[in-house]
Amino acid sequence: MKEFDFIRRYLQTDGDRDVVLGIGDDAAIVRPREGFDLCFSADMLLRDRHFFADVEPEDLAWKVLAVNISDMAAMGAIPRWVLLSAALPQLDDVWLERFCGSFFDLARKFGITLIGGDTTKGDMVFNVTIIGELPKGRALKRNAAAVGDDVWVSGHVGMAAAALNCRLKQCVLPDDVFAVCEQKLLRPEPRIELGLALLPVAHAAQDVSDGLAQDIGHILTASGVGAEIFADKLPSLSVLKDILPRSQWLSYTLAGGDDYELVFTASESCRESVLAAAERCGVPVTRIGKINGECRLKILDSDGRELKLHSSGFDHFG
């Protein structure tokens, strides 16, 4: 199969009335709706850096797209269009059919249209640029946390890191626990509905990609504030806390990354509104700390003692 045969067979799609010109020309043209801002993000995934070489193509396609959708969720944006660029060692029909089938299944789930990208021969690199729409002037940003805000996180953290470290033989998990955690690693669930529901109530938000502590730190730096996080309130799969040594459990939940949950801040007066928004979306949220004026992050145990982390999260050049 040649490159343009691949594009015509697997990537060209129709059906979005706001796509003026899609795949097949030098550039795509989209027409945003009146009253909306456009929101852009991009993520790159490399074999042996962000995914294992033996990953199933369905799981790989899901994650390649899901991590980008998660960025839209963190902004409170509606994902609309994506560009996919891929470097592949060869054009294998069976592999491509499985990969593209999964990619478009997830795209349809969120109403996303593929409008372009690039392909070349190379060593399994994927880059997605995603474009979303936001009600004008209404984005959830990192720089809006206020002293006195509660700090919340959605879902569970630490499961993807536990699965990854089990694969790397850094810990041992029972088969059934590993299977549950691996699902979180391979197929994160972008919290789009929750991000939209939080637009009226949250102040600052960030998706948890590189580690909860590190990503909270981005909010604190952008907002010029500090925070206290209570380690025993961190939402995790309960069995992990029983199986793993406490230091390892803390490392996975606070610095493991690959969770793709939302961490966000909101006024104390909005607690009931936050819980109601989360319940409407069917996504659990947990209040894990408080924003203060100290301009640094403190992790506290149940006795109020500060815990020290050896790492706050993933370093792309580490």
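Asp 26 is exposed, with a relative accessible area of 79%. The model behind this value is predicted. Asp 26 is one of the positions that UniProt, in an unreviewed entry, lists under "binding site". This briefing follows those positions, then turns to Arg 187 and a pair of helices.

**Binding-site positions from UniProt**

- One "binding site" feature in the unreviewed UniProt entry covers Asp 26, Ser 41 and Asp 71. These residues are spread over 46 residues of sequence. They are also spread in space, with up to 26.5 Å between C-alpha atoms.
- Another "binding site" feature in the unreviewed UniProt entry names Asp 43 and Asp 71. They span 29 residues in sequence, yet no two of their C-alpha atoms are more than 9.3 Å apart, so they gather at one spot.
- UniProt also lists Asp 26, Asp 71 and Asp 207 for "binding site", again in an unreviewed entry. They span 182 residues in sequence, and the farthest two C-alpha atoms are 32.6 Å apart, so they do not all gather at one spot.

**Where these aspartates sit**

- Asp 26 lies in the loop between β1 (19–21) and β2 (29–30). Its relative accessible area of 79% makes it exposed, because exposed means over 50%.
- Asp 43 belongs to strand β3, which runs over residues 36–46. Asp 43 is partly exposed, at a relative accessible area of 26%.
- Asp 71 is part of helix α2, residues 57–75. Asp 71 counts as buried because its relative accessibility is 18%, and buried means under 20%.
- Asp 207 is in strand β8, residues 202–207. Asp 207 counts as buried too, at 4% relative accessibility.

**What they touch**

The contacts below leave out neighbours within four places in sequence.

- Asp 71 is in contact with Ser 41, Asp 43 and Asp 207. Each of these partners also appears in the UniProt features described above.
- Asp 43 touches Val 67, Asn 68 and Asp 71, and also Phe 126, Asn 127 and Val 128.
- Asp 207 contacts Val 67, Ser 70, Asp 71 and Ala 74. Further partners of Asp 207 are Asp 215, Tyr 260, Glu 261 and Leu 262.
- Val 67 is thus listed as a contact of Asp 43 and of Asp 207.

**Arg 187, after helix α5**

- Arg 187 is found in the loop between α5 and α6 (192–198).
- At 23% relative accessibility, Arg 187 counts as partly exposed.
- Leaving aside neighbours within four places in sequence, Arg 187 meets Glu 58, Asp 59, Trp 62 and Ser 102.
- Arg 187 and Pro 200 are 13 residues apart in sequence. In space they are 28 Å apart, C-alpha to C-alpha.

**Helices α4 and α5**

- Two packed helices are described by the angle between their axes and the distance between the axes.
- Here the helices are α4 (residues 159–167) and α5 (residues 175–186). Their axes come within 7 Å and cross at roughly 110°. That makes α4 roughly perpendicular to α5.
- The crossing of α4 past α5 is left-handed.
- From α4, the contact uses Met 159, Ala 160, Ala 162, Ala 163, Leu 164, Cys 166 and Arg 167. From α5, Phe 178, Val 180, Cys 181, Glu 182, Lys 184 and Leu 185 take part.
- The residues of this contact divide into 10 nonpolar, no polar and three charged.

How values were computed. Residues are numbered from 1 along each chain as its sequence is written. This is a predicted model: local features need pLDDT of at least 70, side-chain atom pairs count only at pLDDT 80 or more; totals for chains, interfaces and linings use all residues. Side-chain values use heavy atoms; hydrogens and water are left out. Axes are lines fitted to C-alpha atoms, for helices over the stretch in contact, and angles run from 0 to 180 degrees between N-to-C directions. Helices (H or I, at least four residues) and strands (E, at least two) are DSSP runs, numbered from the N terminus. Angles under 35 degrees count as roughly parallel, over 145 as roughly antiparallel, 65 to 115 as roughly perpendicular and the rest as oblique. A crossing is left-handed if the near helix is turned anticlockwise from the far one by less than a right angle, and right-handed if clockwise. Contact means heavy atoms within 4.5 Å. Ala, Val, Leu, Ile, Met, Phe, Trp, Tyr, Cys and Pro count as nonpolar, Asp, Glu, Lys and Arg as charged, and the others, Gly among them, as polar. UniProt positions are given in the numbering used here, feature names are shortened, and annotations may be inferred rather than shown by experiment. Buried means under 20% relative accessible area, exposed over 50%, partly exposed in between (1.4 Å probe, protein chains only).
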